[in-house]
Amino acid sequence: MAENRVWWGKDGTNDVPAYKRFLSEVGDLVPRTIWKHDEVEHNQDAIRQLRDLLPETSFTSPKPVGLIERVARVGRASTLLDFFAGSGTTGHAVINLNREDQSSRKYILVEMGQYFDTVLKPRLLKVVFSENWKEGAPVRQANPTAPYNPYNGVSHCLKILRLESYEDALDNIEFNSGAAPGAELGLDFRRDYELRYALDWESKDCPTRLAVQQLDTPFDYTLTLRRETGTVTVKPDLPETFAYLIGLHTRRRFRTERDGVSYLIYTGTLHADGTEVAVLWRTCRGWTEANLKAEMDWWREQRETLAPGATRVYVNGASAIEGHHSLDAEFKNRMHGANA
């Protein structure tokens with residue numbers, strides 16, 4: 001106290017004192033950045049914002065939208081990544097900023113909590129539809145600049161990826177009835193490498209490890225997943241999974257038809273070497289040689305229209321397309337092969 005090194009606050013009434021250091025003792029000191037709550041909001045504001053969107057939510061620790069907007073402005077990044085997305089404040093902030101300055105920032109949110117479906121996703125969908133909300137209802141603008149858009153909604157593409165969990169993989173393991181090769185030789189399954197050998201053989205065609213024989217009907221592929229309310233059957237997105245596995249920078253993803261056959265086609269470049277690629281998905285179970293020839297002729301005529309510049313073509317199931325690569329074999333190898 002005698003050296004004037006105790007600080008009791010601006011008006012001298014703080015309950016807890018702070019130690020004082022003089023500028024002459026520390027030399028040149030860069031001031032710390034201070035973002036006051038009246039500039040970037042605080043957690044009570046965040047809770048009110050979320051409850052205006054979702055009145056029944058029990059999520060109690062959202063981040064303030066204004067704070068993340070400030071972070072985004074300072075960072076000047078084109079993409080914001082939030083590994084602990086929580087209620088989705090980062091996505092909310094990016095949508096607000098894009099609405100404000102008509103920019104095209106992107107966001108990547110990662111969340112494994114159950115409130116992804118009850119809080120995060122509904123929040124983003126609502127924020128896209130309307131800029132302001134009150135008690136769960138969208139608020140119309142007083143004087144909308146575009147009468148056809150009274151809520152100041154924005155165009156938005158929201159892509160959701162759900163990763164198969166370890167428990168899901170275990171639940172979907174199915175075993176062959178035949179014994180693993182070499183079992184008759186008396187393998188000791190107490191040894192880890194021998195047990196893996198047997199499991200690899202007996203479960204090699206189960207759905208969770210990619211049942212290649214089912215890729216001729218890729219849009220009907222199913223997995224059974226465990227949930228709190230019981231088991232559910234889902235259809236994994238095999239085309240999107242394959243695109244990720246081969247490192248495809250997708251340029252186009254579109255559907256087309258040929259004589260009643262529906263095709264899902266991806267075009268783009270491989271991250272590894274820039275190869276121009278086309279990926280064809282279709283249901284081809286029970287196809288005859290005539291079916292394959294008709295497809296071959298069609299692709300020869302349409303290739304430059306549908307996939308201009310593609311030097312590598314992946315096709316699922318049986319195919320007679322000239323120079324095509326087996327999608328099935330590549331898919332299996334990427335998931336479990338030496339080069340995966």
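**Strands, a crossover and a core**

Strand E11 (residues 276-281) and strand E12 (residues 312-315) run parallel, joined by 4 bridges. Strands here are DSSP runs of E with at least two residues, helices are runs of H or I with at least four, both numbered from the N terminus, and two strands pair if DSSP finds at least two bridges between them. This is a predicted model, where local features need pLDDT of at least 70, side-chain atom pairs count only at pLDDT 80 or more, and totals for chains, interfaces and linings use all residues. Residues are numbered from 1 along each chain as its sequence is written, and side-chain values use heavy atoms, with hydrogens and water left out.

**Strand pairing**
- In the E11 pairing, Leu280 sits opposite Val315 of E12.
- On the way from E11 to E12 the chain passes through helix H10 (residues 289-306), a right-handed β-α-β crossover (clockwise from first strand over helix to second, with the strands pointing away from the viewer).
- E12 also runs parallel to strand E13 (residues 325-326), with 2 bridges, and Val315 faces Ser326 there.

**Core**
- The largest nonpolar core (buried Ala, Val, Leu, Ile, Met, Phe, Trp, Tyr and Cys joined through side-chain atoms within 4.5 Å; buried is under 20% relative accessible area, 1.4 Å probe, protein chains only) has 20 residues.
- Phe242, Leu248, Val279, Trp281 and Phe331 have the most contacts inside it.
- Elements giving it two or more residues include E11, helix H9 (238-245) and helix H11 (327-336).

**Phe331**
- Beyond neighbours within four places in sequence, Phe331 is in contact (heavy atoms within 4.5 Å) with residues including Leu210, Phe242 and Trp281.

Note on methods:
Buried < 20%, exposed > 50% of the residue type's maximum accessible area, 1.4 Å probe, protein only.
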